[in-house]
There are 2 protein chains.
Amino acid sequence: MEEDKLVCAENCPHINKINKVKEREPKADEYAKLSNMFKLFSDETRLKIICSLLKEELCVCDLCELLNLNQSQVSHQLQLLRNSKLVKFRREGKQIFYSLNDEHVELIIQMALDHILEEEEKNELL
Amino acid sequence: MEEDKLVCAENCPHINKINKVKEREPKADEYAKLSNMFKLFSDETRLKIICSLLKEELCVCDLCELLNLNQSQVSHQLQLLRNSKLVKFRREGKQIFYSLNDEHVELIIQMALDHILEEEEKNELL
DNA sequence: CAATCATATGAACAAATATTCATATGATAT
DNA sequence: ATATCATATGAATATTTGTTCATATGATTG
């Protein structure tokens with residue numbers, strides 16, 4: 001998987017820069033958790049589910065209807081979101097209502113939207 | 001890909017909620033851009049590259065050395081980051097120096113780190 | 001201008017992820 | 001207790017994504 005030989009040993013690697021980065025980079029397990037978190041946002045279906053739950057507590061078939069997805073698809077994705085504690089849920093009779101479990105999610109998405117909007121503005125200046 | 005029949009048509013879908021969500025959800029192309037953006041953060045190798053560039057402008061073999069990856073791997077991942085304009089680069093002789101192209105990136109990662117830390121705190125309370 | 005260095009790229013393969021279909025579960029109503 | 005409804009889950013398949021290996025490119029140096 002990983003190589004251990006240097007690519008351009010003599011002149012290239014800028015050791016002081018590298019050390020500077022190493023000093024304050026996230027820890028190994030933080031990288032893992034971060035990428036897992038972003039993985040949840042990286043599938044469009046899941047992202048739509050997340051964004052929907054941002055505004056309202058919804059049951060599974062609300063999500064099916066809203067996003068025009070079949071029930072299995074929604075349930076599978078919700079399972080992933082549940083496993084990583086991104087959503088919480090409560091049963092009410094036969095239905096199960098899902099909602100978001102964290103306030104950071106909205107901020108993260110908002111930040112990413114800001115980024116996208118800025119990109120679009122840049123492109124319009126061409 | 002997608003189903004068009006309702007799952008539980010009579011009683012279940014909460015139409016007013018659904019409409020409320022629909023009113024202010026991101027547009028189709030925004031969803032696509034958002035998920036593509038998060039996809040870039042979702043691979044651990046790429047995330048490490050991004051986090052490294054957060055602090056310092058680095059050349060390809062700095063990244064190889066720092067992250068213990070082979071050159072091809074790094075270049076391929078950098079290509080993805082370039083294509084979506086997340087990084088910029090400049091040539092200096094034989095070397096090519098990469099750096100981040102956007103300030104939102106740091107905020108997004110910081111936000112996600114905050115989320116993770118909060119999760120950890122919650123778990124310690126058990 | 002040939003050799004070398006740093007990086008990029010294409011194609012083949014491997015691994016991870018999403019979707020589907022069939023079926024299971026657990027709650028309610030009859 | 002049986003039927004039905006809303007949701008969950010397992011396994012098979014399809015799709016996407018990452019890694020590797022071989023090779024190409026473009027700049028520099030002798």
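**Figure 1. The largest pocket and the residues that line it.** In this predicted model, 15 residues line the largest pocket, and those lying nearest its centre are Lys33(A), Asn36(A), Ser84(A), His115(B) and Glu119(B). Two elements each give two or more residues to this lining: α2 (28–42) of chain A and α6 (104–124) of chain B. The space inside comes to about 340 Å³. If you sort the lining residues by chemistry, you will find 5 nonpolar, 4 polar and 6 charged. A handy reminder for this view: rolling a probe the size of a water molecule over the atoms shows where empty space is left.

**Figure 2. Asp102(A), a buried acid without a salt bridge.** Look for Asp102(A) in the loop that runs between β3 (95–100) and α6 (104–124) of chain A. The nearest side chain of opposite charge belongs to Lys122(B), 4.5 Å away. Asp102(A) does have polar company, though: its side chain makes a polar contact with the side chain of His115(B) at 2.8 Å. In addition, a polar atom of the Asp102(A) side chain lies 2.5 Å from the backbone nitrogen of His104(A).

**Figure 3. A salt bridge between Lys20(A) and Glu56(B).** The two side chains meet with an N to O distance of 3.1 Å. This pair crosses between chains, from helix α1 (residues 15–23) of chain A, which holds Lys20(A), to the loop between α3 (44–55) and β1 (58–59) of chain B, which holds Glu56(B). Lys20(A) is partly exposed, at 40% relative accessible area, while Glu56(B) is buried, at 11%.

**Figure 4. Lys33(B) and Glu120(A) join two chains.** Here the closest N and O atoms of the salt bridge are 2.6 Å apart. Lys33(B) sits in helix α2 (residues 28–42) of chain B and Glu120(A) in helix α6 of chain A, so the pair links two chains. Both partners are partly exposed: Lys33(B) has a relative accessible area of 34%, and Glu120(A) one of 23%. Elsewhere in chain A, Glu57(A), Arg90(A) and Glu92(A) are joined into one network by salt bridges that share partners.

**Figure 5. Lys27(A) and Glu30(A) pair within chain A.** In this salt bridge the closest N and O atoms are 4.0 Å apart. Lys27(A) is exposed, with a relative accessible area of 55%, whereas Glu30(A) counts as buried at 12%. To put these close-ups in context, the whole structure holds 14 salt bridges over all chains.

Technical notes:
Residues numbered from 1 in each chain as written. Chains lettered and ligands numbered in written order. Predicted model: local features only at pLDDT ≥ 70, side-chain atom pairs only at ≥ 80, totals over all residues. Heavy atoms only, no water. 1 Å grid on protein atoms, 1.4 Å probe; cavity = no way out; pocket = protein on both sides within 12 Å on 5 of 7 lines; lining within 4 Å. Points joined across faces, edges and corners; volume = space filled by probe spheres on them. Helix = DSSP H or I, 4+ residues; strand = E, 2+ residues; numbered from the N terminus. Nonpolar A, V, L, I, M, F, W, Y, C, P; charged D, E, K, R; others polar. Buried < 20%, exposed > 50% of the residue type's maximum accessible area, 1.4 Å probe, protein only. Lys, Arg positive; Asp, Glu negative; His and termini not counted. Polar contact = N/O pair within 3.5 Å; in protein donor to acceptor, adjacent residues only side chain to side chain.
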